[in-house]
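Open the model in your viewer and switch to a cartoon view. Keep the selection tool at hand for a short walk through one sheet.

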Amino acid sequence: MNAATCKTKNVGVSGFVGKLRRRPESEQFFRLAKTAKQAMFVPSSMQPDAAKRTTAAALIRPLLRQQQTKLFKKKGRSKPDRVFRLSLAAMLATVFLSGCSKMSETIRDENAGMNGSFEVTKSGLPVNWLLYTPNTVPTGDFDLIIDQTEYKEGTQSLKFIVRECSATGGWHSPGLSKEYHAVPGETYRVSFWIKNEGCEYSIHIGGVSAFDGHHETIVKSRESTSTWKHFEHDYKMPTGKKFDRVRFGMSILQPGSFWIDDIRIEGTSGKSVIPTAR
Ligand SMILES: [Ca+2]
């Protein structure tokens, strides 16, 4: 997404601010919004990619805190009034929800199941995965391709050719992830095949809920392998933490060429994982 589109969306945020009624009790918010609105245009012009959302938040948080302290100190108040707090919450929510860049790309196909072998693709991407692609990763230089010459299962694999990338992992780096419905207490066996030329990479699995999460590192390595290497790991879903999903994730942390194929996650008592809607 280009900068022009970002700027158009940020004008929407400005419109949101402008539509609020200017009541006496809202004056604090208007003064705050005026400053925060200016901050919004800094990242929109300089950060046209996914970094925009994070950068905007990073800029706005201390700005809001500073303005809030000034305003309440001046008024002799010890905590925000209700109008101010609601306005602030609405504004922050708008900032995040109006982010013009996606953090991942996903193409869903209900008939493709987990698609751990990357055999089902649409528009050049394997379906049913959250993919951190050149369109979504804020920094780096890489290609994500379907390789029909190097594969372990079926007729193709997922390949990353990475010339430059962040070592942060997650949506900051080339990679993928997916969450699956899972049963607490059940042990899930995750397996996959890797081929690597120069990359450092990490692969995790862990239980998650809407508010919490946990992960185990299955492998973190920069070992190059001229042939496909098989990995297998058993993960027991914690009990008592209200985790209802298991999350699989892979990140590439250093440049090189990397292939992955035939990812499987299966309950050892026969309970299969089912992709969640996310
Ligand atoms: Ca395959």
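Select Ile161 and Ser257. Ser257, in E12, is the bridge partner of Ile161. This is a predicted model.

Now extend the selection to the two strands. E5 covers residues 157-164, and E12 covers residues 256-267. Five bridges join E5 to E12, and the two run antiparallel.

Next, add strand E4, residues 141-147. E4 pairs with E5 through seven bridges, again in the antiparallel sense. For one point of contact between them, pick Asp141: its bridge partner in E5 is Glu164.

Move on to strand E7, residues 187-197. Its antiparallel partner here is E10, and nine bridges join the two. Pick Arg189, then look in E10 for its bridge partner, Asp234.

Show the five strands together. What is their order? The open sheet reads E4-E5-E12-E7-E10, with antiparallel pairing. Which strands stand at the edges? They are E4 and E10 (225-236); each has a single partner strand, so one side of each is left without a neighbour in the sheet. Look at how the strands turn: neighbours in this sheet are rotated by 20° against each other on average, direction ignored.

Finally, display the whole chain. It holds four helices and 13 strands. Colour by burial: of the 278 residues, 32% are buried. Then draw the contacts with a separation of 6 or more. Residues 24 or more positions apart account for 73% of them.

Key: Residues are numbered from 1 along each chain as its sequence is written. This is a predicted model: local features need pLDDT of at least 70, side-chain atom pairs count only at pLDDT 80 or more; totals for chains, interfaces and linings use all residues. Two strands pair if DSSP finds at least two bridges between them. Axes are lines fitted to C-alpha atoms, for helices over the stretch in contact, and angles run from 0 to 180 degrees between N-to-C directions. A residue is buried if 20 or more other C-beta atoms lie within 10 Å of its own, exposed if 12 or fewer, and partly exposed in between; C-beta atoms are placed from the backbone. Two residues are in contact if their C-beta atoms, placed from the backbone, lie within 7 Å.
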